[in-house]
Amino acid sequence: MNVIIEWNNVLLEAIRKIGGAPCPIARAGAMMHIAMFDVINSYIPAFQPYLSGLPTPDPGISPEAAAAYAAHQVLIKVYPQRFNDFDAALQVSLEGIGTTTGETFGRTIGDLVVALRTGDGSQALPRYTPGNKPGDWRPTGSGDALTPQWPCVTPFTPGFNITQFRPPLPGNYPNKAVMLRSAEYAAQLNEVKRLGSATSQARTPEQTQIAFFWANDIDGTYKPPGHLYRITQIVAQQRNLSLIETARLFALVGIVLADAGIVAWDAKYSSEIDLWRPESAVRLADTDGNLFTEADPNWQPLSVNQQGQRFSPPFPAYVSGHATFGAAHSGIMRNFFGTDNVTFTADTDDPSVEGVKRTFNSFTAAALENARSRVYLGVHFQWDGDHGFLSGSALADFVFAQSLQPV
């Protein structure tokens, strides 16, 4: 197996065991794949490296083995609690490669990536006070707000400025009160109330399948970034990419997913509207000042956790992280392959639709379905998906133009 995909699978298995919010997962994936790319590219210098001032590898050393050591070095630093798992994976990887050369070079590159990301703001103490006014996000029973510090994390892409990708307020309304009273808000609330309810009679069986196919919200799955890495694996193998091409593609995907987390979480936490989830909006609709919404204090979303309980993810709704990640991923894939018209069949990790596969005729089609799925799941309004998609798409074009270009 290609060493890049092999270690991507090691990462996905670690995510299943560790769980947690999607942004730290995306950060870890970017670090690992940047290190592997810079190792491979040092031997086959076809592209601009990510790190500057890299040491020169010794001739005769296996680039695959050095890349495995680099991946191992990053992962043991990011997830030290899984050291034994990563050590076992390294032994299997080196046995498959047939050599143990390249350890010093690989670990050096891994350490350089870790050092570059030390102090990047990801470990800052999360501080967030939920609001209690109509429209404000508030806990829904699934925990306190996760990773509110993420808007201040240092981006991975040179020249990145968050204002380039920050979406307008929902519906372009000037403030929360005007938004809540609008006909558009009522239409979006009533749509998710109808289609995203746990007991919906309007949602079709395929829409239910779509909702869970893209979910991967719960611990024990590879989470949304992992799902997009899995799709990257499928297409890379389908296209028979070379080692350096695979390394570059996964590094680009890693970079864009990490920065997509910053873009989405900036919109969630740094705007004037930290928007409540549909669960709160439906139950408290009698407080929103809108004549066209009606409260249902017993309403629950379709989304379900490991214990079989209905839940909404513990962070504000606008914009959708799934939509932003998905669009960012599809944009990188479209740029990398020079076309959007690539047909592929993907699977999923979500236990509610175990064994289900879905086929897409373009990367954009997959990203749009990903965004729409969150309405069917009952955890987002449609504009959460629309503006996440637009921001993620713009980010992908920027990342591709700025990163790992041909020499």
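Select Ala366 together with Trp214, Phe344 and Phe360: Ala366 is in contact with these three residues, leaving aside its neighbours within four places in sequence. The model on display is a predicted one. Ala366 lies in helix H13, and it counts as buried because its relative accessibility is 5%, where buried means under 20%. Next, add Arg117 to the selection and draw a line from C-alpha to C-alpha. Ala366 and Arg117 are 31 Å apart in space and 249 residues apart in sequence.

**Helices H7 and H13**

Extend the view to the whole of helix H13 (residues 363-376) and show helix H7 (residues 183-195) beside it; the two pack with their axes 8 Å apart, at an angle of about 80°. H7 is therefore roughly perpendicular to H13. To see the contact itself, display the side chains of Glu191, Val192 and Leu195 on H7, and those of Arg372, Val375 and Tyr376 on H13.

**The nonpolar core**

Which residues have the most contacts inside the largest nonpolar core? Select Trp7, Tyr185, Leu249, Leu275, Ile332, Phe381 and Leu395, which hold that position in a core of 130 residues. Then colour helix H10 (residues 243-270), which gives the most to this core, with 19 residues. The core draws at least three residues from each of domain 1 (3-117) and domain 2 (150-402).

Centre now on Leu249. Apart from residues up to four places away in sequence, Leu249 touches Thr232, Ala236, Leu241, Ile332, Met333, Phe336 and Phe337. Ile332 thus appears in this list of contacts and also among the core residues with the most contacts.

**The two domains**

Colour the chain by its domain assignment, with residues 3-117 as domain 1 and residues 150-402 as domain 2. Taken over C-alpha atoms, the centres of the two domains are separated by 28 Å. How many residues of each domain are in contact with the other? On the domain 1 side there are 30, and on the domain 2 side 31.

**The annotated region**

Select residues 275-401, for which an unreviewed UniProt entry lists "domain: Phosphatidic acid phosphatase type 2/haloperoxidase". Over this stretch the chain is 45% helix and 5% strand. The C-alpha atoms at its two ends are 32 Å apart.

**Backbone details**

Three places merit a view of the backbone atoms.

- Tyr318 and Val319: a cis peptide bond joins these residues, with omega about 0°. Val319 is located in the loop between helix H11 (278-283) and helix H12 (321-337).
- Asn216: phi is positive, about 50°, although this residue is not a glycine. Asn216 is placed in the loop between helix H8 (205-213) and helix H9 (223-238). With a relative accessibility of 0%, Asn216 counts as buried.
- Lys223: this residue, also other than glycine, has a positive phi near 65°. Lys223 belongs to helix H9. Is Lys223 buried or exposed? Lys223 counts as buried, since its relative accessibility is 4%.

Terms used. Residues are numbered from 1 along each chain as its sequence is written. This is a predicted model: local features need pLDDT of at least 70, side-chain atom pairs count only at pLDDT 80 or more; totals for chains, interfaces and linings use all residues. Side-chain values use heavy atoms; hydrogens and water are left out. A nonpolar core is a set of buried Ala, Val, Leu, Ile, Met, Phe, Trp, Tyr and Cys residues joined through side-chain atoms within 4.5 Å. Buried means under 20% relative accessible area, exposed over 50%, partly exposed in between (1.4 Å probe, protein chains only). Helices (H or I, at least four residues) and strands (E, at least two) are DSSP runs, numbered from the N terminus. Domain bounds come from an automatic or database domain assignment. Contact means heavy atoms within 4.5 Å. UniProt positions are given in the numbering used here, feature names are shortened, and annotations may be inferred rather than shown by experiment. Axes are lines fitted to C-alpha atoms, for helices over the stretch in contact, and angles run from 0 to 180 degrees between N-to-C directions. Angles under 35 degrees count as roughly parallel, over 145 as roughly antiparallel, 65 to 115 as roughly perpendicular and the rest as oblique.
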